[in-house]
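Thanks for making time this morning. I would like to walk you through one structure, beginning with its strands and ending with the ligand.

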Amino acid sequence: MSHAPVPGPRSLELGARIAGVECPAFTHRRTTRAGADATDAAPIVLASGSGATLLDVDGNRYLDLAAGFGSVLVGHAAPRIVAAIAEQAGRLVQGLGDVYASDVKLALLERLARLHPSPGAQVLLAQSGGDAIAAAMKTATLATGRHAFVAFDGAYHGLGYAPLAACGFRASFREPFAPQLNQAVSFAPFPGLRGATVEASLAFVSDLLRVRPCAAVLVEPVLGRGGCVVPPAGFLRELTRLAHQHGALVIADEIWTGLGRAGSWLRSAEDGAVADIVCLGKGLGGGVSISACIATREAMRGWCQGEVVHTSTHAGSPLACAAALATLEALEEEALVARSRALGSEAVERFRRALATSRFVRDVRGRGLMIGVELDGAECAMKCVRGLLRRGIVVVSGGIAGDVLTLTPPLTIDAEALFSFGDALAEVLAA
Ligand SMILES: Cc1ncc(COP(=O)(O)O)c(C=O)c1O
């Protein structure tokens, strides 16, 4: 789908300028990963998008299977979202947060509260996924009076100080800041990761909760950044039962899995669990930054003590609320949750067939349009990311070992375009 080299001359020029002015962490990581092949690793610079198509500054066209790390849930420049943002921008861009709310914020709060399986749930709006997790951890602490948490190996909840303490994805993200982080976070094995079974995971959590009173168990219903690891059915339900038995709450981090991404509105509810707190983010704003911590009325009651709040200037901004409402409407009216589930399972089957003979492919898995292709190591995955990019397909790699290609396309993606990934990857692997 491209006509200039990838990256093209304009991307190379702008990429070098970005490297000059942006925090060096990103360029450092890119060049370290690329090793000797640093030129090949130079980034493209994006200019525009429509649906599941991206254009870079050189005019190259790409099929977007990453969709802003899964946040562009209903496609780039979706007319309904663009119209909602434009209408709201002409009416009221900023309210006065938690002092004087806006009408559109109320509409979103009511809509989000209804998503929680427990009637009467209440909502705390935040800006990023990590911000919603911080709000959830505070909610659990206030509700229980406890400070310890159980998190999971391979889990990723954001990089602010509260979620960073629970980051099982990469110890190197935590280590430089360790003395500043909550030390009372224990990491349990996640079923399906490094051979852990449900039984081993639940036994670990049970032993832990018996000796250490915890505020909450924080869990991703499907490990996202950790490599699209899907635990066996019923895990969330059993985990919730166990947590409640020991007076701990459950925080379901549905920032990646929720809103249809993993094929259901809430993956935790689908698995039979009523999590006390559910966090949403990523796709909630259709690409605009907004997140939510939705909790049972009982859990939220903890905030009614002394004077304690969790808020920020832009939390629940009318613009983001309008984008979120339009996204939720699109999901509902276009039946995109069911589409994600059906299209995702067909895509996994097709990818398995297309890649069956490649010795570099270890596994193809996922739920809904959250699909992981585990490859033979991180180097192989990086080569595929770059090879696919040259063929006009954008994907990112993830997994605790960096060896999983992670596909999170818009839920509106054309089916045949999505299926084309299987053959494209097979060609890259064979080259
Ligand atoms: C499951 C999960 N939780 C939380 C986060 C953090 O979200 P954000 O990057 O918006 O802070 C992410 C981001 O990838 C995520 O995948």
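Before I describe any pairing, let me fix the term: two strands pair here if DSSP finds at least two bridges between them. Please also keep in mind throughout that this is a predicted model.

With that in place, consider strand β9, residues 277-280, which pairs with strand β8, residues 249-253, in the parallel sense over three bridges, and which pairs with strand β10, residues 291-295, in the antiparallel sense over four bridges. Individual positions illustrate both contacts: alanine 252 stands opposite valine 278 in β9, while leucine 280 has alanine 292 in β10 as its bridge partner. As for the side chains of β9, Ile277 and Cys279 point one way and Val278 and Leu280 the other way, and all of these are buried.

Just beyond that strand, in the loop between β9 and β10, we find lysine 282, whose phi is near 40°, a positive value in a residue other than glycine. Is this lysine 282 buried or exposed? Lysine 282 counts as buried, because 27 C-beta neighbours lie inside 10 Å, and the cut-off for that class is 20 or more.

A second positive phi in a residue other than glycine belongs to cysteine 228, where the value is near 55°. Cysteine 228 sits in the loop between β7 (214-219) and α10 (235-245), and with 28 other C-beta atoms within 10 Å, cysteine 228 is buried as well.

Staying with the backbone, I would point out the cis peptide bond that joins valine 6 and proline 7, with omega at about -5°; proline 7 belongs to the segment before α1 (9-21).

There is also an open sheet of four strands, in the order β1-β2-β3-β13, with mixed pairing. Its edge strands are β1 (46-50) and β13 (393-394), each of which pairs on one side only. Strand β3, residues 61-64, runs parallel to β13, and two bridges join them; in that pairing, leucine 63 has isoleucine 393 of β13 as its bridge partner.

Finally, the ligand: which residues around it are the closest? The shell holds 15 residues, and the closest are Ser128, Gly129, Gly130, Gly158 and Ile255. Helix α6, residues 129-144, gives the most to this shell, with three residues. By character, the residues of the shell divide into five nonpolar, seven polar and three charged.

Notes:
Residues numbered from 1 in each chain as written. Predicted model: local features only at pLDDT ≥ 70, side-chain atom pairs only at ≥ 80, totals over all residues. Near = placed C-beta within 6 Å. Nonpolar A, V, L, I, M, F, W, Y, C, P; charged D, E, K, R; others polar. Buried ≥ 20, exposed ≤ 12 C-beta atoms within 10 Å, placed from the backbone.
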